[in-house]
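Welcome! Have the sequence and the 3D view ready, and let us walk through this protein together, from the whole chain down to single residues.

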Amino acid sequence: MRVNLDDALTLQKLDTVRALRDTDDYDKQFAEGWELASSLDVSSIKGPIESVFVLGTGGGSAASVNLVKSYLFDELPVPIQLNQGYSLPACVKETTLVIVVSHSGNTQEVVSAYEQAISANAQIVAITAGGKVLELAREHGHAHLLVPGGMMPRIVLGYIFLPILAVLTKLGLVEDKSGEVTETISLFSKLRELYHVQNPMAVNLAKQIASEMDGLTPVIYGTLPFFDAPAWRWKNQLGENSKVMAFWNAIPSLHHDEAVGWDAPAAMLKGFHFTLIRDAEDSDSMTKRVEISAEILRERAGAVRVVHSQGASRMARLFSIVYLADYVSLYTALIRGVDPTPVEVINLFKSKLGQPLVQVQVRP
């Protein structure tokens with residue numbers, strides 16, 4: 001089944017849990033997330049903090065952590081690491097800040113690592129909508145923030161990224177970012193008018209990219225050190241929303257290994273769509289690398305698209321790419337007549353592991 005991306009009514013019928021609507025509402029979500037984050041009390045955290053570990057998995061939690069890492073690359077004075085497994089490394093101790101993130105509150109890996117953080121006497125803050133994580137936080141008197149539930153975890157960045165940022169700000173590790181948050185929220189409102197479902201493909205970049213990707217395997221290339229996280233997020237959204245295999249990497253590191261794969265047989269490379277991300281903070285050397293990469297790939301690949309971040313602040317620019325990626329991933333599913341919300345393979349894994357299945361519902 002192929003669907004015309006300008007047939008808004010059909011797209012909305014296919015989108016049974018209104019992922020398009022929730023994406024449209026990123027400005028509202030981020031405004032609410034920032035207000036919630038401002039209420040978080042971290043007075044129980046005792047310094048000094050020598051490192052930060054964030055426990056989280058999936059498109060919402062893990063993506064938010066990686067975005068924080070990229071965003072604060074040249075400002076955060078202590079190392080920050082994403083921990084997605086069941087276990088914590090031996091370096092976690094009393095001077096480690098552990099931020100526990102699970103939207104459902106029952107993510108098996110997060111709960112397991114949380115219990116180990118308690119045993120290690122780490123400093124702990126929890127961000128969740130409930131479940132076992134909330135239970136543990138209350139039982140042990142850990143600082144915690146209760147965020148709204150009832151949404152797909154991969155679409156709740158405003159309830160995760162901003163509270164993580166608020167924790168780091170309240171502890172004096174980074175400066176106040178209220179101005180950048182305000183700009184980002186305003187930018188969401190402007191970009192929504194460009195990408196929303198009623199805007200026709202002729203003037204809708206998100207629909208254009210989704211149409212280009214249709215039938216090809218997407219590859220997303222970001223740039224280090226700031227735009228690797230949006231590339232990673234884009235790839236994951238194509239998997240979860242679009243139900244397609246996708247890949248990502250970052251320039252310049254990929255020029256030392258993966259780029260040799262561009263010498264693959266022509267028939268193979270013609271099956272790939274490459275998206276390269278450009279940003280205002282790219283150095284001259286980085287800009288040249290992106291341009292040369294696009295030039296070489298246009299001679300070999302099925303399609304190549306260079307996208308530019310938008311906005312003045314780094315936060316706004318990061319999320320301008322994330323926002324575009326989210327819309328593209330939804331349209332890449334809908335153009336094939338696929339509902340972007342269900343995650344049948346994840347539920348298959350969960351059923352075999354004896355875990356609760358992912359439940360989605362239409363929010364009012």
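The report below begins with the overall fold and then visits one strand, some special peptide bonds and a few single residues.

This is a predicted model, in which local features need pLDDT of at least 70 and side-chain atom pairs count only at pLDDT 80 or more, while totals for chains, interfaces and linings use all residues. Residues are numbered from 1 along each chain as its sequence is written, and side-chain values use heavy atoms, with hydrogens and water left out.

**The whole chain**

The protein chain contains 14 helices and nine strands. Both kinds of element are DSSP runs numbered from the N terminus: helices are H or I with at least four residues, and strands are E with at least two. Along the principal axes, the C-alpha atoms fill a box of roughly 55 × 45 × 40 Å. The radius of gyration of the protein chain is 20 Å, which agrees with the value near 21 Å for a compact globule of 364 residues. That radius is taken over C-alpha atoms, and the globule rule is 2.2 Å times the number of residues to the power 0.38.

How much of the chain is buried? Of the 364 residues, 54% count as buried. Here, buried means under 20% relative accessible area, exposed means over 50%, and partly exposed lies in between (1.4 Å probe, protein chains only). The chain exposes about 15100 Å², and carbon and sulfur atoms supply 53% of this area. Accessible areas come from the Shrake-Rupley method with a 1.4 Å probe; for residues, only the protein chains shown count as cover.

Contacts tell us about the fold too. Among contacts with a separation of 6 or more, 79% link residues 24 or more positions apart; a contact means heavy atoms within 4.5 Å.

**Strand 4**

Now find strand 4, at residues 123-128. Six of its six residues are buried, so this strand is largely enclosed by the rest of the structure. Gln123, Val125 and Ile127 point one way, whereas Ile124, Ala126 and Thr128 point the other way. In a regular strand the side chains alternate between the two faces of the sheet. Strand 4 runs parallel to strand 3 (residues 96-102), and six bridges join the two. Two strands pair if DSSP finds at least two bridges between them. Valine 98, for example, has isoleucine 124 in strand 4 as its bridge partner.

**Unusual backbone spots**

Two cis peptide bonds can be set side by side.

| Cis peptide bond | Omega | Place of the proline |
|---|---|---|
| leucine 224 to proline 225 | near 5° | loop between strand 6 (217-223) and helix 10 (228-240) |
| isoleucine 251 to proline 252 | about 15° | loop between strand 7 (247-251) and helix 11 (266-269) |

Next come two residues with positive phi that are not glycine. Arginine 18 has phi near 60° and sits in the loop between helix 1 (8-14) and helix 2 (19-24). Its relative accessible area is 40%, so arginine 18 is partly exposed. Asparagine 121 has a phi of about 60° and is found in the loop between helix 5 (108-119) and strand 4. Asparagine 121 also counts as partly exposed, at 48% relative accessibility.

**A buried glutamine**

Finally, look at glutamine 237 in helix 10. With 2% relative accessibility, glutamine 237 counts as buried. Which residues does glutamine 237 contact, leaving aside its neighbours within four places in sequence? They are Arg154, Ser242, Asp326 and Ser329.
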